[in-house]
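Let's take a walk through this protein together, starting with the overall picture and then stopping at a few individual residues. Keep the structure open beside you as you read.

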Amino acid sequence: MEDFKIERKFFDKRTLLAIFKLMNKGYVDRVESLVKEGKESCVLSAKDKSNNWIALKVYRTEHCDFKNMWKYLIADPRFFGIKKDRRSVVYAWCRREFKNLKIAFKAKVACPKPIAFFENVLVMSFVGENGKPAPRLVDVILSKEDASLIYKKIIQEVKKLVSFKLVHTDLSAFNILLFDKPYLIDFSQAVTFAHPLAKYFLIRDLKNINLYFKKLGVRVKDEERLFKELIP
């Protein structure tokens with residue numbers, strides 16, 4: 001992979017083979033650079049055959065919160081029967097984010113478009129411009145007026161999610177990108193309404209968003225009131 005500019009220390013051999021597989025299937029033409037590195041995954045910028053920017057999210061198979069992933073998976077009826085070994089759980093986690101993104105995208109939520117996945121590598125649309133990722137909400141300085149407008153837009157995105165019976169569960173200023181509008185990202189922990197704690201997670205998401213925007217001086221709606229508006 002001559003154009004692979006990422007240091008190989010980030011990936012094991014099997015992950016590199018998964019990326020090659022996605023290349024052979026035509027989803028990826030070349031990998032460009034590291035966009036974001038986290039404890040459990042990293043995001044790479046890449047290009048497809050049409051020279052469009054795309055993003056690859058690579059889940060680490062060794063260094064991950066295995067117990068936390070398993071906790072979410074066993075409560076998700078879509079993933080009954082998953083083997084309790086690290087690689088199987090990570091692959092299911094990748095597939096889970098792909099499925100959740102498909103639901104969100106179908107609901108017309110502002111989020112990355114899911115394109116493909118294989119093993120621990122997820123391919124999705126790139127939120128940003130010319131290979132430069134859009135900044136996270138937490139990294140942007142906003143006026144009170146702009147913050148108020150963005151708050152309302154985020155609540156509308158949550159409403160779209162709920163209309164398709166999906167809850168993000170980890171919504172915060174760290175998981176929202178600002179480009180032409182706010183984009184919700186990181187859907188690996190999202191749950192459907194079939195999850196026994198779905199309503200609890202929804203209220204928690206609303207509390208997190210309210211707390212952040214309150215600090216910016218935005219007049220927010222009470223989360224209990226919001227919850228009733230979202231789920232009549």
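What percentage of the 232 residues of the protein count as buried? In this predicted model, the share that counts as buried is 50%. The chain folds into six helices and eleven strands. Among contacts between residues at least 6 apart in sequence, 56% join residues at least 24 apart.

Let's begin with the strands at the start of the chain. Strand 1 (residues 30-37) and strand 2 run antiparallel and are joined by six bridges. Within this pair, Val-31 stands opposite Ala-46 of strand 2, and three residues make the link in the hairpin that joins the two strands. A useful point to keep in mind while looking at such strands is that side chains in a regular strand alternate between the two faces of the sheet.

Moving on from strand 2, you come to Asn-52, in the loop between strand 2 (41-47) and strand 3 (53-59). Asn-52 counts as partly exposed because its relative accessibility is 42%, which falls between the limits of 20% for buried and 50% for exposed. Setting aside residues up to four places away in sequence, Asn-52 touches Ala-46 and Lys-47; Ala-46 is the residue you just met opposite Val-31. Asn-52 also brings us to another part of the sequence: its C-alpha atom is separated by 8.8 Å from that of Ser-125, although the two residues are 73 apart along the chain.

Ser-125 falls within strand 5 (residues 121-125), which pairs with strand 4 (residues 114-118) in the antiparallel sense over four bridges. Here Ala-116 stands opposite Val-123 in strand 5. Strands 4 and 5 form a hairpin with two residues between them, and in the turn Glu-119 has a positive phi of about 50°.

Glu-119 is not the end of the story on positive phi values. Lys-108, in the loop between helix 3 and strand 4, has a phi near 65°, a positive value in a residue other than glycine. Lys-108 counts as exposed because its relative accessibility of 66% is over 50%. Asp-186 has a positive phi as well, of about 60°, although it is not a glycine, and this residue sits in the loop between strand 10 (182-184) and strand 11 (191-192).

Asp-186 leads straight to a lysine worth a look. Is Lys-57 buried or exposed? Lys-57, found in strand 3, is buried because its relative accessible area of 4% is under 20%. Its side chain makes a polar contact with the side chain of Asp-186, at 3.0 Å. Leaving aside neighbours within four places in sequence, the residues in contact with Lys-57 include Ser-41, Cys-42 and Val-43, as well as Glu-97, Asn-120, Val-121, Leu-122 and Met-124.

Now turn to the interior. The largest nonpolar core has 49 residues, and those with the most contacts inside it are Leu-137, Ile-154, Phe-187 and Phe-213. Two or more residues come from each of strand 3, helix 3 (86-106), strand 5, helix 4, strand 8 (166-167), strand 9 (176-178), helix 5 and helix 6. A second, separate core of 17 residues includes Leu-16, Met-23, Cys-42 and Val-123. Back in the largest core, Leu-137 touches, among others, Leu-142, Ile-150, Ile-154, Ala-173 and Phe-213, not counting residues up to four places away in sequence.

One of the contributors to the largest core is helix 6. Its buried residues are Glu-223, Leu-226, Phe-227 and Leu-230. Seen down the axis of helix 6, these residues fall within an arc of 100°, so they line one face of the helix. What covers them includes helix 4 (144-163) and helix 5 (198-215). At the N-terminal end, Asp-222 caps helix 6, with a side-chain oxygen 3.0 Å from the backbone nitrogen of Glu-224.

Finally, a look at the cysteines. How many disulfides does the structure hold? The count is zero. Cys-94 is buried, with a relative accessible area of 0%, and Cys-111 is buried at 5%.

Notes:
Residues numbered from 1 in each chain as written. Predicted model: local features only at pLDDT ≥ 70, side-chain atom pairs only at ≥ 80, totals over all residues. Heavy atoms only, no water. Pairing = 2+ DSSP bridges. Disulfide = S-S within 2.5 Å. Buried < 20%, exposed > 50% of the residue type's maximum accessible area, 1.4 Å probe, protein only. Contact = heavy atoms within 4.5 Å. Polar contact = N/O pair within 3.5 Å; in protein donor to acceptor, adjacent residues only side chain to side chain. Arc of directions from axis to C-beta. Core = buried A, V, L, I, M, F, W, Y, C linked by side-chain atoms within 4.5 Å.
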